[in-house]
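Visitor: I am new to this structure and should be grateful for a close look at a single part of it. Please set that part in its surroundings as you proceed.

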Amino acid sequence: MRFITSTREYLEIYNNNTKSEGDLFIFLKKKISEDILAVGIVVSKKVGKAVIRNKLKRRIKAFLRENINIHPTNEKIIIIARSVAGNAAWQEIKKDLTMLFGT
RNA sequence: AAAGAAGAUAAAAUGUCUGCCCGGCACCUACUUUGAAAGUCUGAAAAGUAGGUCUUUCAAAGUAGGUGCUGGGAGGAAAGUCCGAACACCACAGGGCAGGAUACUUCCUAACGGGAAGUCUUGGUAACGAGGAGCCAGCUCCACAGAAACAAACCUCCAGCACCUACUUUGGGUGUCUGCAAAGCAGGUCUCUCAAAGUAGGUGCUGGGAAGGGUGAAAUGGUAGUGUAAGAGACUACCAGGUUUCGGUGUGAACCGGAAUGCUCGGAAAGCCUUAUCCGGUGCAAUGCCAAAUAGGAGAACAGGCCAGCCCGGCCACAUUGUUCUCGGGUGGGCAGCUGAAAUCGGUCAUUAUUAUGAACUCUGAAGAGUAUAGCAAUAUCCGGUUUAGAUAAAUAGACAUUAAAUUGCUUGUUAGGCGAUUUACAGAAUUCGGCUUAUUAUCUUCUUUGACA
């Protein structure tokens, strides 16, 4: 697994994706030929101040580490946080992410 | 006990599982360079010798990756980016204008718009807080209300003139009444009317005056008297303030005491402005370096390509072409800058310097000053210690459990405890420091006022 770091890569997915929505997050997915998962995390200022945004990003990364097996391996995914995700509990985040990866 | 004021400190703890970033050490793998040895192929006048090529092995260094062990890893505001600096680059002979910032005094400081102490004004019963150049240079503004917001006069006050009304007095006329026989004359506590004078009131005009009323955030000193047509610092006494000046104290802002002068002056400079002082610009995305692919640029060398096994021949190109190499610019990317500093704590046995305080005594009209040593404090010096993140879609954590604290519910055997629930703030480094401002949880210390009890 690797993280998406360049603006060009983000724009490529924004322009050509399949969208799935949960209560807390929105997934933008795109099939790729490489046998690896690429993930980008987007948390806007609507979610909260820096401490809250950083904590949410760390929690998403922790989920990805702990659930390495359920990931698809040939996709690029952008995870966008909705504004309510800032004060969600860990159980809610886990449930929402599991549901979105399952579909 | 309640309500306040000032300051200081801390920024919940422990464990389990799973992880992140930076460094150190050891080992392993790969690559590069250097050296040594062996072999191989070559090989300079002579030597298959020196040297060279390639391969293998070993050693050292470096780079990259991996494994293991180990060390370190957010804040008091990391925030806002508001001041001041370091550092980097650019600009710069000197001076002025413009622009910006600041504005009581002394001291601290690398510097500051920061801090400390003092001083004045002001708010508060007080602890304590807030503020500080200049509206006697010029201009401008002062909502609403009000006559008027700085030059005047609405009502009121006073004087004069004109007109109107009422009344009084005097005089004239008509009527009426009475008297005389009548014409007529005379008279009146009568009526109407005309004129003059006076008194009172009203209206208007001219002048005096700025005391009173009312408006406003703000109206040009206050009280009492003299004075006047009415009034007014016009004059007098006392009070308040201003200005000038003398003496004293203090480094200074300023303060204390005296004298003269009727001088009595609106507010706003977070309005223009005046005065004084300071300020070159851009910020680590600074700046320096390495440097791929692709495209294009410059330079150099070569002359080709297709048909064919080769030659001849034919076709294309004949230099703005093709191939190869080199160069510099630039993009993605990477490295350095990058983290130890104007840091912080303690000590005083001893040393030195400076500053402040200071029991006591003396002087003074007061404010205050002087003498002088012990002790104590601060700063510097000195001595000893402590800490010290470096990420880059951005690490420093995620989950769970226990404990702690606070709030709250239920409950019991109620100065106490048990069982639950919720909460544990504000907030995330980005070149580095010194400050300021803002956000915010808890605790402690000192002080003030009021009340209660002893």
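Visitor: How many bridges join strand 3 to strand 5, and in which sense do the two strands run?

Guide: Strand 3 and strand 5 are joined by seven bridges, and they run antiparallel. Please bear in mind that this is a predicted model. Chain A averages a pLDDT of 75, and 81% of its residues score at least 70. For the complex, the predictor gives an ipTM of 0.75 and a pTM of 0.65.

The setting of the two strands comes first. Chain A contains three helices and five strands, which follow one another along the sequence in the pattern β-α-β-β-β-α-β-α. Contacts in chain A between residues at least 6 apart in sequence are mostly of long range: 82% of them join residues at least 24 apart. The pairing of strand 3 with strand 5 may now be followed residue by residue. One of the bridges places F27 opposite I79, its partner in strand 5.

Strand 3, residues 25-31, also pairs with strand 2, residues 18-21, in the antiparallel sense over four bridges. In this second pairing, T18 has K29 of strand 3 as its bridge partner. Strand 2 and strand 3 form a hairpin, with three residues between them. Strand 3 thus has bridges to strand 2 and to strand 5. In a regular strand, side chains alternate between the two faces of the sheet.

E75 belongs to strand 5. Is E75 buried or exposed? The residue is partly exposed, because 18 other C-beta atoms lie within 10 Å, whereas a buried residue would need 20 or more. Leaving aside neighbours within four places in sequence, E75 is in contact with K29, K30, K31, I32 and L37. The separation of E75 from L28 is 47 residues in sequence and 10.0 Å in space, taken from C-alpha to C-alpha.

Strand 5 also has a part in the interior of the chain. The largest nonpolar core consists of eleven residues: L24, F25, V43, L56, I77, I78, I79, A81, A85, I93 and L97. Strand 5 (75-81) and helix 3 (90-102) each supply at least two residues of this core, and strand 5 gives the most, with four. I79, the bridge partner of F27, is itself among the core residues. Over the whole of chain A, 13% of the 103 residues count as buried.

From the contribution of helix 3, I93 merits attention, for this residue lies in that helix. I93 counts as buried because it has 21 C-beta neighbours inside 10 Å, and the cut-off is 20 or more. Apart from neighbours within four places in sequence, I93 is in contact with L24, R59, F63 and A88. L24 is another member of the core; the C-alpha atoms of I93 and L24 are separated by 7.3 Å, although the two residues are 69 apart along the chain. L97, also a core residue, touches F25 and F63 when residues up to four places away in sequence are not counted. F63 is therefore a contact of both I93 and L97.

Two further residues complete the view. K46 is found in the loop between strand 4 (38-42) and helix 2. K46 is exposed, because 12 other C-beta atoms lie within 10 Å, and 12 or fewer is the limit for that class. Its C-alpha atom is 8.9 Å from that of V84, which is 38 residues away in sequence. I52 has its place in helix 2, residues 50-66. With 14 C-beta neighbours inside 10 Å, I52 counts as partly exposed. I52 touches V47 and G86, residues up to four places away in sequence not being counted. Between I52 and G86 there are 6.1 Å from C-alpha to C-alpha, and they are 34 residues apart in sequence.

Methods
Residues are numbered from 1 along each chain as its sequence is written. Chains are lettered from A and ligands numbered from 1 in the order in which they are written. This is a predicted model: local features need pLDDT of at least 70, side-chain atom pairs count only at pLDDT 80 or more; totals for chains, interfaces and linings use all residues. A nonpolar core is a set of buried Ala, Val, Leu, Ile, Met, Phe, Trp, Tyr and Cys residues joined through C-beta atoms within 7 Å. Two residues are in contact if their C-beta atoms, placed from the backbone, lie within 7 Å. Two strands pair if DSSP finds at least two bridges between them. pLDDT is the predictor's confidence in each residue, from 0 to 100.
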